[in-house]
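Subject: Structure handover

Dear colleague,

I am passing on the structure that we spoke about, and I would be glad if you could look through it before reading my notes. The sequence and the model come just below.

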Amino acid sequence: MANKKTALITGATGQDGAYLAELLLAKGYEVHGIKRRSSSFNTGRIESIYQDPHEEGARFHLHYGDLTDSTNLIRIVQQVQPDEIYNLAAQSHVAVSFETPEYTANADGIGTLRLLEAIRILGMEKTARFYQASTSELYGLVQEVPQRETTPFYPRSPYAAAKLYAYWIVVNYREAYGMHASNGILFNHESPLRGETFATRKITRAAAAIKLGRQDKLYLGNLDARRDWGHAREYVRGMWLMLQQDEPDDYVLATGETTPVRTFVEWAFADVGIALRWEGEGENEKGYCAETGRCLIEIDPRYFRPTEVDLLIGDPSKAHQKLGWRHETSPRDLAREMVLADLETMKLSPIAKGA
Ligand code: NDP
Ligand code: GDR
């Protein structure tokens with residue numbers, strides 16, 4: 001292929017990295033991913049697209065690297081000479097960022113700067129296009145709904161504060177050095193590949209496990225927070241579209257629909273045939289119980305965050321108009337897809353076979 005493009009993805013082993021790599025490979029790209037060293041395999045999500053580097057014509061390559069190490073970022077960017085760089089790597093768990101605030105700032109905030117500087121040091125600021133994984137967490141404490149590109153930011157976690165730095169350093173490098181650098185301000189997006197400790201996946205896995213008799217109870221935190229949940233596969237297409245535009249810019253990707261965590265719980269359990277009822281109040285609160293009288297979900301204060309983001313609902317009109325991007329999967333269908341996928345996976349796992 002004569003004009004084959006080369007892309008570099010940081011965070012290639014994550015949810016979005018896996019879907020994006022798949023999309024770019026399908027488009028004929030040469031795809032390079034950065035994965036960090038781990039004591040156990042962390043490439044489960046990209047197993048289906050893995051290509052043996054010894055095979056002739058392999059178009060998917062993995063490099064060891066870390067956003068906290070500028071030497072290796074410079075070396076990889078120099079070696080790969082990417083046309084497009086997608087910076088998806090991050091300590092992406094909001095609750096964990098309260099436990100590891102300095103690391104989160106280093107990886108999510110300064111890590112973005114390191115990558116931008118690598119591009120500049122190598123003189124590639126006019127040739128390499130840059131996508132930054134910015135987030136609806138930037139909006140934090142509600143200033144305006146629905147949230148759009150012009151809504152003021154008010155971060156509510158070390159994660160969001162680190163991402164705020166990353167957002168602005170991307171804007172600054174765009175303005176200062178004429179880089180084609182864009183922020184995708186993505187609202188929550190989920191899938192069967194979602195990390196197991198994020199709310200949606202924790203809920204869908206538990207619904208499947210409880211249905212199969214593998215788990216007794218699920219402990220959750222704040223059920224009243226509302227999120228705008230879309231499908232990750234559709235959102236990575238939006239990332240790609242941003243880098244195909246003549247001019248760089250910042251875009252919100254969202255569904256425009258908001259759902260309380262509580263409703264997502266009810267959907268997921270309904271999808272495995274368990275109707276839930278909230279029982280008890282105050283000191284006598286029991287949580288969510290099934291018709292059998294068995295209580296399956298309890299609130300555990302350890303999952304509450306010191307500061308919460310109560311309401312997210314995005315306005316994706318700019319992405320509709322300028323990118324022609326639209327979400328397809330509703331939050332309701334997303335919940336069903338995730339819970340059915342977890343059910344299938346668990347049925348096939350060794351414990352199920354032996355049970
Ligand atoms: P994941 O947590 O699934 O993936 C994060 C990726 O970053 C993983 O590949 C992880 O490696 C890697 N990583 C973590 N720390 C480092 C580091 N120091 N150096 C190199 N790699 C690192 O996140 P998502 O795929 O869901 O999200 C992708 C990006 O988009 C993140 O930046 C996230 O903050 C942001 N975002 C996500 C949204 C969402 O709803 N999913 C919404 C808005 C923004 P490993 O696999 O080894 O853990
Ligand atoms: P979020 O996602 O913080 O929105 O960040 P998460 O799924 O962790 O939380 C969503 C909401 O659910 C509430 N919640 C719980 N959350 C978790 N993880 N575990 C629980 O047990 C639980 N109980 C209730 C939370 O308090 C919160 O209100 C995600 C990440 O992908 C970020 O990287 C990304 O930037 C944003 O989405 C947009």
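What follows is a short account of what was found, going from the whole chain to one group of strands and then to the two ligands.

Please keep in mind throughout that this is a predicted model.

To begin with the chain as a whole, its secondary structure comes to 11 helices and 15 strands. The radius of gyration is 21 Å, close to the 20 Å that the globule rule gives for 355 residues, so the chain is as compact as a globular protein of that length. Taken along the principal axes, the box filled by the C-alpha atoms is roughly 65 × 50 × 40 Å. Of the 355 residues, 44% are buried, and among the contacts with a separation of 6 or more, 77% are between residues 24 or more positions apart.

One group of strands may help you to find your way around. Strand E15 (residues 295-299) runs parallel to strand E8 (residues 218-220), to which three bridges join it, and it also pairs in the antiparallel sense with strand E14 (residues 287-290) over two bridges. Ile297 in E15 is the bridge partner of Leu218 and also of Tyr288. E14 and E15 form a hairpin with four residues between them, and in the turn Gly293 has a positive phi of about 95°.

Turning to ligand 1, there are 25 residues around it, of which Gly11, Gly14, Ala89, Ala90 and Ala133 come nearest. Helix H1 (15-26) and strand E5 (129-135) are the elements that give two or more residues to this shell, with H1 giving the most, three residues. By class, the shell around ligand 1 has seven nonpolar, 15 polar and three charged residues.

Around ligand 2 there are 21 residues, and those that come nearest are Ser92, Thr135, Ala199, Gly221 and Ala225. Helix H3 (94-99) and helix H6 (199-211) each supply at least two residues of the shell, and the largest share, three residues, comes from H6. The shell around ligand 2 divides into eight nonpolar, eight polar and five charged residues.

Where does ligand 2 lie with respect to domain 1 and domain 2? Domain 1 (6-192 + 229-256 + 313-320) and domain 2 (199-223 + 260-310 + 329-354) both give residues to the shell around ligand 2, so this ligand lies between them.

With best wishes

Conventions: Residues numbered from 1 in each chain as written. Chains lettered and ligands numbered in written order. Predicted model: local features only at pLDDT ≥ 70, side-chain atom pairs only at ≥ 80, totals over all residues. Rg over C-alpha atoms; globule rule 2.2 N^0.38 Å. Buried ≥ 20, exposed ≤ 12 C-beta atoms within 10 Å, placed from the backbone. Contact = placed C-beta atoms within 7 Å. Pairing = 2+ DSSP bridges. Near = placed C-beta within 6 Å. Nonpolar A, V, L, I, M, F, W, Y, C, P; charged D, E, K, R; others polar. Domains from an automatic or database assignment.
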